[in-house]
Amino acid sequence: MISMFKPKRVIFEEKALDYKMGEDLFYKFKDEDVEILYSKSGRITGIPGKDSSQMYGEGKNTLVVGIRKSLKFESCKPSAHYQLPIVSGCTGMCEYCYLNTQMGKKPYIKIHVNIDDILNRAEEYIEERKPEVTIFEGSATSDPIPVEKYSGALKKSIEFFGENDYALFRFVTKYTDVEDLLNLKHNGKTIIRFSLNSETIINRYEHKTPSLEERLLAAKKIGESGYLLGFIIAPVFLYEDWKKDYLELINKIYYNFRDLELKFEVISHRFTKRAKENILTIYPNTALPMEEDLRKFKFGQFGYGKYIYKDEDLRDMKEFFKNNLTDLFGEHSINYII
Ligand code: SF4
(Lines give C-alpha, C1' and ligand atoms only; values in the text may rest on other atoms or scores of the structure.)
Protein backbone atom coordinates (compact mmCIF):
# COMPACT_ATOMS: atom_id res chain seq x y z
CA MET A 1 0.00 0.00 0.00
CA ILE A 2 1.24 3.48 -0.90
CA SER A 3 1.10 5.78 2.10
CA MET A 4 0.67 9.51 1.91
CA PHE A 5 3.49 11.37 0.17
CA LYS A 6 5.87 12.82 2.71
CA PRO A 7 8.68 14.76 1.05
CA LYS A 8 12.24 14.43 2.23
CA ARG A 9 12.82 18.10 1.56
CA VAL A 10 10.63 21.09 0.81
CA ILE A 11 11.95 24.07 -1.10
CA PHE A 12 10.05 27.32 -0.64
CA GLU A 13 10.26 30.00 -3.25
CA GLU A 14 10.65 33.15 -1.20
CA LYS A 15 7.61 34.89 -2.67
CA ALA A 16 5.41 31.87 -1.93
CA LEU A 17 5.73 32.72 1.76
CA ASP A 18 3.72 35.91 1.13
CA TYR A 19 0.67 33.74 0.47
CA LYS A 20 -1.38 32.15 3.23
CA MET A 21 -0.98 28.68 1.72
CA GLY A 22 2.79 29.13 1.57
CA GLU A 23 2.94 30.34 5.14
CA ASP A 24 0.71 27.52 6.42
CA LEU A 25 2.83 24.91 4.66
CA PHE A 26 5.98 26.44 6.07
CA TYR A 27 4.71 26.11 9.65
CA LYS A 28 3.45 22.63 8.94
CA PHE A 29 6.77 21.34 7.61
CA LYS A 30 8.89 23.29 10.09
CA ASP A 31 7.75 20.98 12.88
CA GLU A 32 8.30 17.83 10.91
CA ASP A 33 11.38 15.83 10.13
CA VAL A 34 11.82 17.46 6.73
CA GLU A 35 14.71 19.44 5.30
CA ILE A 36 13.62 22.98 4.45
CA LEU A 37 15.38 25.04 1.78
CA TYR A 38 14.63 28.37 0.18
CA SER A 39 14.88 29.74 -3.28
CA LYS A 40 15.25 33.48 -3.67
CA SER A 41 15.39 33.59 -7.42
CA GLY A 42 12.93 30.81 -8.23
CA ARG A 43 15.85 28.63 -9.40
CA ILE A 44 15.65 25.26 -7.70
CA THR A 45 18.98 24.11 -6.27
CA GLY A 46 20.00 21.94 -3.33
CA ILE A 47 18.64 18.61 -4.53
CA PRO A 48 21.54 16.16 -4.12
CA GLY A 49 22.51 13.11 -6.20
CA LYS A 50 25.76 11.73 -7.66
CA ASP A 51 24.35 9.96 -10.67
CA SER A 52 21.20 10.04 -12.78
CA SER A 53 19.32 7.44 -10.72
CA GLN A 54 20.09 9.20 -7.45
CA MET A 55 19.19 12.63 -8.79
CA TYR A 56 15.95 11.20 -10.12
CA GLY A 57 15.09 9.58 -6.77
CA GLU A 58 15.94 12.71 -4.77
CA GLY A 59 13.93 14.87 -7.17
CA LYS A 60 10.93 12.62 -6.68
CA ASN A 61 11.27 13.18 -2.93
CA THR A 62 11.33 16.95 -3.19
CA LEU A 63 8.36 19.24 -2.94
CA VAL A 64 8.64 22.80 -4.21
CA VAL A 65 6.16 25.33 -2.90
CA GLY A 66 6.18 28.10 -5.44
CA ILE A 67 4.30 30.53 -7.58
CA ARG A 68 3.04 29.99 -11.07
CA LYS A 69 4.52 33.04 -12.76
CA SER A 70 3.24 32.67 -16.28
CA LEU A 71 -0.51 32.78 -16.43
CA LYS A 72 -0.54 31.94 -20.09
CA PHE A 73 -2.01 28.44 -20.27
CA GLU A 74 -0.62 25.90 -22.72
CA SER A 75 -3.04 24.36 -25.15
CA CYS A 76 -3.96 20.72 -24.61
CA LYS A 77 -5.26 19.30 -27.85
CA PRO A 78 -7.15 17.17 -28.65
CA SER A 79 -8.71 16.21 -25.30
CA ALA A 80 -9.04 19.69 -23.79
CA HIS A 81 -8.59 23.33 -24.71
CA TYR A 82 -6.12 24.30 -21.99
CA GLN A 83 -3.82 22.79 -19.43
CA LEU A 84 -4.69 24.02 -15.95
CA PRO A 85 -1.26 24.54 -14.34
CA ILE A 86 -1.96 23.54 -10.75
CA VAL A 87 0.85 21.03 -10.12
CA SER A 88 3.88 19.85 -12.02
CA GLY A 89 5.68 16.54 -11.50
CA CYS A 90 4.65 13.32 -9.82
CA THR A 91 5.79 11.19 -6.92
CA GLY A 92 5.41 7.97 -8.91
CA MET A 93 8.32 6.25 -10.61
CA CYS A 94 6.82 4.58 -13.63
CA GLU A 95 9.67 3.54 -15.89
CA TYR A 96 7.88 4.52 -19.08
CA CYS A 97 6.56 7.86 -17.81
CA TYR A 98 6.35 10.69 -20.35
CA LEU A 99 7.46 13.08 -17.62
CA ASN A 100 10.88 11.40 -17.55
CA THR A 101 11.80 13.44 -20.61
CA GLN A 102 10.11 16.64 -19.56
CA MET A 103 11.08 17.36 -15.99
CA GLY A 104 14.88 17.50 -16.15
CA LYS A 105 17.33 15.36 -14.21
CA LYS A 106 15.81 16.11 -10.80
CA PRO A 107 12.08 15.86 -11.34
CA TYR A 108 10.71 17.61 -8.25
CA ILE A 109 7.01 18.09 -7.60
CA LYS A 110 5.85 21.68 -7.56
CA ILE A 111 2.63 23.12 -6.20
CA HIS A 112 1.51 26.69 -6.77
CA VAL A 113 0.27 28.82 -3.92
CA ASN A 114 -1.37 31.36 -6.25
CA ILE A 115 -4.19 29.00 -7.17
CA ASP A 116 -6.68 31.89 -7.00
CA ASP A 117 -4.76 33.77 -9.72
CA ILE A 118 -4.70 30.60 -11.82
CA LEU A 119 -8.45 30.11 -11.52
CA ASN A 120 -9.12 33.79 -12.22
CA ARG A 121 -7.10 33.41 -15.40
CA ALA A 122 -9.14 30.30 -16.29
CA GLU A 123 -12.23 32.44 -15.94
CA GLU A 124 -10.85 34.87 -18.54
CA TYR A 125 -10.22 32.00 -20.96
CA ILE A 126 -13.78 30.79 -20.40
CA GLU A 127 -15.16 34.27 -21.09
CA GLU A 128 -13.17 34.52 -24.33
CA ARG A 129 -14.71 31.32 -25.70
CA LYS A 130 -18.27 31.81 -24.53
CA PRO A 131 -20.83 30.52 -25.45
CA GLU A 132 -18.59 27.54 -26.33
CA VAL A 133 -17.67 25.29 -23.41
CA THR A 134 -13.98 25.37 -22.46
CA ILE A 135 -12.33 22.20 -21.21
CA PHE A 136 -9.39 22.32 -18.80
CA GLU A 137 -7.00 19.43 -18.16
CA GLY A 138 -5.54 19.30 -14.65
CA SER A 139 -2.93 16.59 -15.13
CA ALA A 140 -1.07 17.45 -18.32
CA THR A 141 2.29 17.66 -16.54
CA SER A 142 1.57 15.88 -13.27
CA ASP A 143 -0.42 13.47 -11.22
CA PRO A 144 -2.02 16.02 -8.88
CA ILE A 145 -3.47 13.64 -6.27
CA PRO A 146 -0.34 12.79 -4.19
CA VAL A 147 0.15 16.46 -3.25
CA GLU A 148 -3.52 17.41 -3.00
CA LYS A 149 -3.45 17.36 0.78
CA TYR A 150 -0.76 20.06 0.67
CA SER A 151 -2.14 22.16 -2.20
CA GLY A 152 -5.92 21.68 -2.06
CA ALA A 153 -5.76 22.70 -5.72
CA LEU A 154 -8.06 20.00 -7.06
CA LYS A 155 -10.70 20.72 -4.48
CA LYS A 156 -10.68 24.42 -5.35
CA SER A 157 -10.67 23.74 -9.07
CA ILE A 158 -13.49 21.19 -8.92
CA GLU A 159 -15.70 23.59 -7.00
CA PHE A 160 -14.72 26.51 -9.21
CA PHE A 161 -15.65 24.68 -12.42
CA GLY A 162 -18.73 23.21 -10.73
CA GLU A 163 -20.16 26.72 -10.64
CA ASN A 164 -19.45 27.58 -14.24
CA ASP A 165 -21.85 26.62 -17.00
CA TYR A 166 -19.28 27.15 -19.72
CA ALA A 167 -16.43 24.96 -18.46
CA LEU A 168 -15.51 21.36 -17.84
CA PHE A 169 -12.59 20.00 -15.87
CA ARG A 170 -10.76 16.72 -16.22
CA PHE A 171 -7.73 15.03 -14.78
CA VAL A 172 -6.24 11.59 -14.61
CA THR A 173 -4.59 9.78 -11.73
CA LYS A 174 -3.13 6.50 -10.57
CA TYR A 175 -3.47 7.53 -6.94
CA THR A 176 -6.08 6.81 -4.37
CA ASP A 177 -6.15 9.55 -1.70
CA VAL A 178 -9.49 10.80 -2.94
CA GLU A 179 -11.27 11.32 0.39
CA ASP A 180 -10.96 15.11 0.18
CA LEU A 181 -12.66 15.10 -3.22
CA LEU A 182 -15.77 13.24 -2.14
CA ASN A 183 -18.84 15.29 -1.38
CA LEU A 184 -17.65 18.40 -3.21
CA LYS A 185 -20.04 20.52 -5.24
CA HIS A 186 -18.75 19.31 -8.59
CA ASN A 187 -22.15 19.53 -10.33
CA GLY A 188 -21.12 16.88 -12.80
CA LYS A 189 -18.54 19.23 -14.40
CA THR A 190 -15.46 17.18 -13.56
CA ILE A 191 -14.52 13.91 -15.12
CA ILE A 192 -11.96 11.93 -13.16
CA ARG A 193 -10.12 9.22 -15.03
CA PHE A 194 -8.11 6.49 -13.37
CA SER A 195 -5.09 5.17 -15.19
CA LEU A 196 -5.04 1.37 -15.08
CA ASN A 197 -2.95 -1.43 -16.47
CA SER A 198 -2.64 -5.18 -16.22
CA GLU A 199 -1.24 -6.35 -12.87
CA THR A 200 1.84 -7.67 -14.67
CA ILE A 201 2.63 -4.20 -16.02
CA ILE A 202 1.83 -2.43 -12.76
CA ASN A 203 4.16 -4.74 -10.85
CA ARG A 204 6.88 -4.57 -13.44
CA TYR A 205 7.04 -0.86 -14.28
CA GLU A 206 4.76 1.34 -12.16
CA HIS A 207 6.90 1.79 -9.05
CA LYS A 208 5.58 3.75 -6.09
CA THR A 209 2.01 3.72 -7.34
CA PRO A 210 -1.06 2.05 -5.76
CA SER A 211 -2.10 -1.47 -6.74
CA LEU A 212 -4.87 -2.17 -9.22
CA GLU A 213 -7.28 -3.11 -6.42
CA GLU A 214 -6.62 0.15 -4.60
CA ARG A 215 -7.19 2.18 -7.75
CA LEU A 216 -10.46 0.40 -8.44
CA LEU A 217 -11.58 1.05 -4.89
CA ALA A 218 -10.78 4.76 -5.18
CA ALA A 219 -12.59 4.89 -8.54
CA LYS A 220 -15.59 3.34 -6.87
CA LYS A 221 -15.69 6.09 -4.25
CA ILE A 222 -15.41 8.71 -6.99
CA GLY A 223 -18.22 7.09 -8.98
CA GLU A 224 -20.42 6.90 -5.90
CA SER A 225 -19.75 10.58 -5.33
CA GLY A 226 -21.48 11.33 -8.62
CA TYR A 227 -18.46 12.33 -10.66
CA LEU A 228 -18.19 11.39 -14.30
CA LEU A 229 -15.78 8.48 -14.34
CA GLY A 230 -13.37 7.25 -16.95
CA PHE A 231 -10.51 4.81 -17.30
CA ILE A 232 -7.34 5.17 -19.26
CA ILE A 233 -5.80 1.82 -20.02
CA ALA A 234 -2.26 2.83 -20.84
CA PRO A 235 0.31 2.19 -21.94
CA VAL A 236 -0.80 -1.13 -23.38
CA PHE A 237 2.14 -3.49 -23.89
CA LEU A 238 1.87 -6.46 -26.22
CA TYR A 239 3.75 -9.10 -24.26
CA GLU A 240 3.21 -12.82 -24.23
CA ASP A 241 0.02 -13.02 -22.15
CA TRP A 242 -1.31 -9.57 -22.89
CA LYS A 243 -4.74 -10.70 -24.06
CA LYS A 244 -5.37 -12.83 -21.01
CA ASP A 245 -4.16 -10.11 -18.63
CA TYR A 246 -6.03 -7.22 -20.23
CA LEU A 247 -9.20 -9.28 -20.47
CA GLU A 248 -8.92 -9.92 -16.76
CA LEU A 249 -8.57 -6.18 -16.22
CA ILE A 250 -11.62 -5.37 -18.36
CA ASN A 251 -13.65 -8.01 -16.53
CA LYS A 252 -12.64 -6.56 -13.18
CA ILE A 253 -13.77 -3.12 -14.28
CA TYR A 254 -17.06 -4.58 -15.44
CA TYR A 255 -17.56 -6.45 -12.20
CA ASN A 256 -17.03 -3.27 -10.17
CA PHE A 257 -18.68 -0.66 -12.34
CA ARG A 258 -21.31 -2.32 -14.49
CA ASP A 259 -23.99 0.09 -13.28
CA LEU A 260 -22.10 3.24 -14.17
CA GLU A 261 -21.62 4.99 -17.45
CA LEU A 262 -17.90 4.87 -18.16
CA LYS A 263 -15.58 6.37 -20.75
CA PHE A 264 -12.46 4.55 -21.93
CA GLU A 265 -9.25 5.76 -23.48
CA VAL A 266 -6.80 3.09 -24.58
CA ILE A 267 -3.26 3.96 -25.60
CA SER A 268 -0.66 1.53 -26.93
CA HIS A 269 2.93 1.91 -25.79
CA ARG A 270 5.14 4.23 -27.81
CA PHE A 271 8.49 5.87 -27.23
CA THR A 272 10.76 8.47 -28.76
CA LYS A 273 14.52 8.14 -29.16
CA ARG A 274 15.01 10.84 -26.59
CA ALA A 275 12.71 9.13 -24.09
CA LYS A 276 14.58 5.86 -24.55
CA GLU A 277 17.92 7.56 -23.85
CA ASN A 278 16.56 9.25 -20.73
CA ILE A 279 14.91 6.11 -19.41
CA LEU A 280 18.15 4.16 -19.88
CA THR A 281 20.14 6.65 -17.83
CA ILE A 282 17.65 6.39 -14.94
CA TYR A 283 16.84 2.69 -15.29
CA PRO A 284 19.86 1.11 -17.01
CA ASN A 285 18.45 -2.39 -16.51
CA THR A 286 14.92 -1.62 -17.58
CA ALA A 287 12.95 -4.43 -19.19
CA LEU A 288 10.79 -1.95 -21.11
CA PRO A 289 10.43 -3.15 -24.68
CA MET A 290 12.14 -0.40 -26.68
CA GLU A 291 13.74 -2.19 -29.63
CA GLU A 292 13.34 0.09 -32.62
CA ASP A 293 13.46 -2.86 -35.05
CA LEU A 294 10.27 -4.32 -33.62
CA ARG A 295 8.35 -1.07 -34.05
CA LYS A 296 7.16 1.25 -36.75
CA PHE A 297 8.55 4.77 -36.90
CA LYS A 298 5.90 7.44 -37.10
CA PHE A 299 6.68 11.10 -37.69
CA GLY A 300 5.22 13.25 -34.94
CA GLN A 301 3.41 16.55 -34.94
CA PHE A 302 6.24 18.45 -33.34
CA GLY A 303 9.10 17.40 -35.54
CA TYR A 304 10.22 14.32 -33.61
CA GLY A 305 9.08 10.83 -34.39
CA LYS A 306 7.96 8.00 -32.20
CA TYR A 307 8.16 4.25 -32.31
CA ILE A 308 4.74 2.65 -32.21
CA TYR A 309 3.74 -0.99 -32.61
CA LYS A 310 3.73 -2.36 -36.14
CA ASP A 311 0.51 -2.14 -38.15
CA GLU A 312 -0.50 -5.75 -37.71
CA ASP A 313 0.11 -5.73 -33.94
CA LEU A 314 -1.74 -2.47 -33.55
CA ARG A 315 -4.70 -3.74 -35.54
CA ASP A 316 -4.88 -6.79 -33.33
CA MET A 317 -4.69 -4.68 -30.19
CA LYS A 318 -7.37 -2.23 -31.36
CA GLU A 319 -9.71 -5.03 -32.34
CA PHE A 320 -9.21 -6.75 -29.01
CA PHE A 321 -10.12 -3.68 -26.97
CA LYS A 322 -12.91 -2.56 -29.27
CA ASN A 323 -14.62 -5.95 -29.15
CA ASN A 324 -14.24 -6.54 -25.45
CA LEU A 325 -15.17 -3.03 -24.33
CA THR A 326 -18.12 -2.88 -26.70
CA ASP A 327 -19.40 -6.25 -25.49
CA LEU A 328 -19.45 -5.18 -21.87
CA PHE A 329 -19.91 -1.41 -21.88
CA GLY A 330 -21.29 -0.55 -25.32
CA GLU A 331 -19.60 1.20 -28.22
CA HIS A 332 -20.31 4.68 -26.90
CA SER A 333 -18.04 3.95 -23.92
CA ILE A 334 -14.92 4.13 -26.10
CA ASN A 335 -13.41 7.58 -26.50
CA TYR A 336 -10.48 6.35 -28.54
CA ILE A 337 -8.07 3.47 -28.95
CA ILE A 338 -4.70 4.39 -30.36
S1 SF4 B 1 1.86 8.00 -12.05
FE2 SF4 B 1 1.69 8.88 -14.11
S3 SF4 B 1 2.74 10.85 -13.98
FE4 SF4 B 1 3.34 9.63 -12.20
S5 SF4 B 1 5.25 8.60 -12.77
FE6 SF4 B 1 3.57 7.20 -13.24
S7 SF4 B 1 3.04 7.62 -15.39
FE8 SF4 B 1 4.25 9.34 -14.64
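Visitor: Which residues touch the most other members of the largest nonpolar core?

Guide: The general idea comes first: in soluble globular proteins, nonpolar side chains tend to be buried together. In this predicted model, the largest nonpolar core has 95 residues, and F136, Y246, I253 and F321 touch the most other members.

Visitor: Let me take one of them. What is F136 in contact with, leaving aside its neighbours within four places in sequence?

Guide: Its partners include F73, A80, Y82 and L84. A122, Y125 and I126 are also in contact with F136, and so are F161, A167, L168, F169 and R170.

Visitor: F161 makes me curious about helix 5. How many of the residues of helix 5 are buried?

Guide: Seven of the 10 residues in helix 5 (residues 153–162) are buried, and the helix is mostly covered. The buried ones are A153, L154, S157, I158, F160, F161 and G162. They pack against helix 3, strand 8, helix 4 (148–151), strand 9 and strand 10.

Visitor: Now the sheet. In what order do the strands of the open sheet come?

Guide: The open sheet has five strands in the order 2-1-3-7-5, and the pairing is mixed. Strand 2 and strand 5 (87–88) are the edge strands, each pairing on one side only.

Visitor: How does strand 1 pair with strand 2, and how with strand 3?

Guide: Strand 1 (residues 9–13) runs parallel to strand 2, joined to it by five bridges. Two bridge pairs are easy to find on screen: V10 has I36 as its partner in strand 2, and I11 has L37. Strand 1 also pairs with strand 3 in the parallel sense, over four bridges. There, F12 stands opposite V65.

Visitor: How should I read the two faces of a strand?

Guide: In a regular strand the side chains alternate between the two faces of the sheet. For strand 1, R9, I11 and E13 lie on one side, with V10 and F12 on the other. Both faces are covered, and these residues are all buried. Because five of the five residues of strand 1 are buried, the strand is largely enclosed by the rest of the structure.

Visitor: R9 is an arginine. Is R9 buried or exposed, and what does it touch?

Guide: R9, in strand 1, is buried, with a relative accessible area of 2%. Not counting residues up to four places away in sequence, R9 touches V34, E35, L37, G46, I47 and P48. E58, N61, T62 and L63 are further contacts of R9.

Visitor: What lies across strand 1, strand 3 and strand 7?

Guide: Helix 2 does, across strand 1, strand 3 (62–66) and strand 7 (109–112), running at about 50° to strand 3. The loop between strand 2 (35–39) and helix 2 (52–60) holds I44.

Visitor: What does I44 touch, not counting residues up to four places away in sequence?

Guide: I44 touches I11, S39, V64 and Y108. Take V64 as an example of sequence against space: I44 and V64 are 20 residues apart in sequence, and their C-alpha atoms are 8.2 Å apart.

Visitor: Let us turn to the backbone. Where are cis peptide bonds found?

Guide: One joins K77 and P78, with omega about 0°. P78 sits in the loop between strand 3 and strand 4 (82–83). Another joins K130 and P131, with omega about 5°. P131 belongs to the loop between helix 3 (115–129) and strand 8 (134–137).

Visitor: What is the phi of N183, and what is that of N187?

Guide: Neither residue is a glycine, yet phi is positive in each: about 65° for N183 and about 50° for N187. N183 is in the loop between strand 9 (167–173) and strand 10 (190–196), and N187 lies in the loop between strand 9 and strand 10 as well.

Visitor: Are these asparagines buried or exposed?

Guide: N183 is exposed, with a relative accessible area of 73%. N187 also counts as exposed, at 55% relative accessibility.

Visitor: One last stop. Which residues surround the ligand?

Guide: The surrounding residues are C90, G92, M93, C94, Y96, C97, L99 and K174. By type, the shell around the ligand divides into six nonpolar residues, one polar and one charged.

Technical notes: Residues numbered from 1 in each chain as written. Predicted model: local features only at pLDDT ≥ 70, side-chain atom pairs only at ≥ 80, totals over all residues. Heavy atoms only, no water. Core = buried A, V, L, I, M, F, W, Y, C linked by side-chain atoms within 4.5 Å. Buried < 20%, exposed > 50% of the residue type's maximum accessible area, 1.4 Å probe, protein only. Contact = heavy atoms within 4.5 Å. Pairing = 2+ DSSP bridges. Axes fitted to C-alpha atoms, helices over the stretch in contact; angles between N-to-C directions. Near = heavy atom within 4 Å. Nonpolar A, V, L, I, M, F, W, Y, C, P; charged D, E, K, R; others polar.
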